[in-house]
Amino acid sequence: MEPEQGQSGVRSVRRALDILSLLTEDQPTVPLRDMVDATGLPKTTVVRLVQTLEQYGLLWATPGGYTAGPGLWRWAHLAHTSWELPADTQKLLRELADRRGETANLMIRRDIHRVCVAQQESPQPLRHVVRVGDELPLWAGASSKVLLIGATDGLLQRVAAASPHGVAHTQQLRLWADEAAENGFAASQGERDVGLTAVAVPIRTQSGVVVASLSLSGPSARIPATAIEPFAQDLLEVAARIASQGFSHPLGPHT
């Protein structure tokens, strides 16, 4: 493939993904006119892309516009099957969330982001929710501090460069990661989301490699400083049980 053709192909893929990304829980059906307005592309280009997406079952025409097609469901089912954790691990998360009354999250590192791979929501009406599959930055938060344990200087610099603080944030990231390694847990209060407190611990392989973080998070008013140590101890016990079950995930490290 010639370089220009390759660039054109990548551009078409990006445009198609931009169209698919317009579909959300709040807007499950998108009219063609809205696609044109949102993408800024010529109507003829949008029509061509939509027709191609229809052919592959990724979009479905309805009287009100276009919605997710059966092809996306097939991929979603595949992703769900690949990402789903063992029933025993899910049970431990449910029990942890019920016991502490806060949201329990399992996260892994993916380059300079952390990805939520499992969650059990708090039973309380006011709760912190991150959806499975969501990517969050690594430059702040209890889970980030845990996932950066043993990180190289190069990784820390890239994480810092993507933060609002710039590369100067590298030193703080190293300090947080070292403290998490020494204490066995990490905590954060309002570092990324005002009014949110989180406590996290690492999940390690038998060789000691950190493969995930296990955390509890909720409104700061419900998690005072005196609750951090008990939360951490509970998390450490659950993390050890999850590790003993052989935790692994297709997106995470396996060494």
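These exercises walk through one predicted model, each with a worked solution.

Residue numbers start from 1 along each chain as its sequence is written. Because the model is predicted, local features need pLDDT of at least 70 and side-chain atom pairs count only at pLDDT 80 or more, while totals for chains, interfaces and linings use all residues; side-chain values use heavy atoms, with hydrogens and water left out.

**Exercise 1. The chain as a whole**

Task: Describe the chain by its secondary structure, its box, its buried share and its charges.

Solution:
- Start with the elements: the chain has nine helices and nine strands. Helices (H or I, at least four residues) and strands (E, at least two) are DSSP runs, numbered from the N terminus.
- Next, take the box along the principal axes: the C-alpha atoms fill roughly 60 × 40 × 35 Å.
- Of the 255 residues, 42% are buried. Buried means under 20% relative accessible area, exposed over 50%, and partly exposed in between (1.4 Å probe, protein chains only).
- The chain exposes about 14,000 Å², and carbon and sulfur atoms supply 53% of that area. Such areas come from the Shrake-Rupley method with a 1.4 Å probe; for residues, only the protein chains shown count as cover.
- For contacts between residues at least 6 apart in sequence, 56% join residues at least 24 apart. Contact means heavy atoms within 4.5 Å.
- Finally, the mean positions of the 23 positive and 26 negative charges are 3 Å apart. Lys and Arg count as positive, Asp and Glu as negative, and His and the chain ends are not counted. Each charge is placed at NZ of Lys, CZ of Arg, CG of Asp or CD of Glu.

**Exercise 2. The two sides of helix 8**

Task: Which residues of helix 8 are buried, and what do they pack against?

Solution:
- Check the length: helix 8 (residues 170-183) has 14 residues and should span 20 Å at 1.5 Å a residue, which agrees with end C-alpha atoms 20 Å apart. The expected span is 1.5 Å times one less than the number of residues.
- List the buried residues: Thr 170, Leu 173, Trp 176, Ala 177 and Ala 180. Seen down the axis of helix 8, these fall within an arc of 125°, so they line one face. The arc is that of the directions from the helix axis to the C-beta atoms.
- Turn the helix over: the face away from the buried side of helix 8 carries exposed Gln 171 and Glu 182.
- Find the partners: the buried residues of helix 8 pack against helix 6 (142-147), helix 7 (153-161) and strand 7 (186-189).
- Look just past the end: Gly 184 has a positive phi of about 85°.

**Exercise 3. The covered side of helix 7**

Task: Where do the buried residues of helix 7 sit around its axis?

Solution:
- Helix 7 buries Leu 155, Leu 156, Val 159 and Ala 160. Their arc around the axis is only 135°, which puts them on the same side of helix 7.
- Their cover includes strand 4 (103-110) and helix 8.

**Exercise 4. Helix 5 meets helix 9**

Task: Is Leu 96 of helix 5 buried or exposed, and which residues does Arg 100 touch?

Solution:
- Leu 96 lies in helix 5 (residues 87-100). At 0% relative accessibility, Leu 96 is buried.
- Beyond four places in sequence, the contacts of Leu 96 include Leu 214, Leu 216, Asp 234, Leu 235 and Val 238.
- Arg 100 is also in helix 5, and its 29% relative accessibility makes it partly exposed. Leaving out residues up to four places away, Arg 100 touches Leu 216, Pro 230, Phe 231 and Asp 234.
- Now view this from helix 9 (residues 225-244), whose buried residues include Phe 231, Asp 234, Leu 235 and Val 238. The buried residues of helix 9 pack against helix 5, strand 7, strand 8 and strand 9 (210-219).

**Exercise 5. A phi value to check**

Task: What is the sign of phi at Asp 111, positive or negative?

Solution:
- Locate the residue: Asp 111 lies in the loop between strand 4 and strand 5 (113-120).
- Read the angle: phi of Asp 111 is positive, near 60°. Most residues other than glycine have a negative phi.
- Add the accessibility: at 40%, Asp 111 counts as partly exposed.
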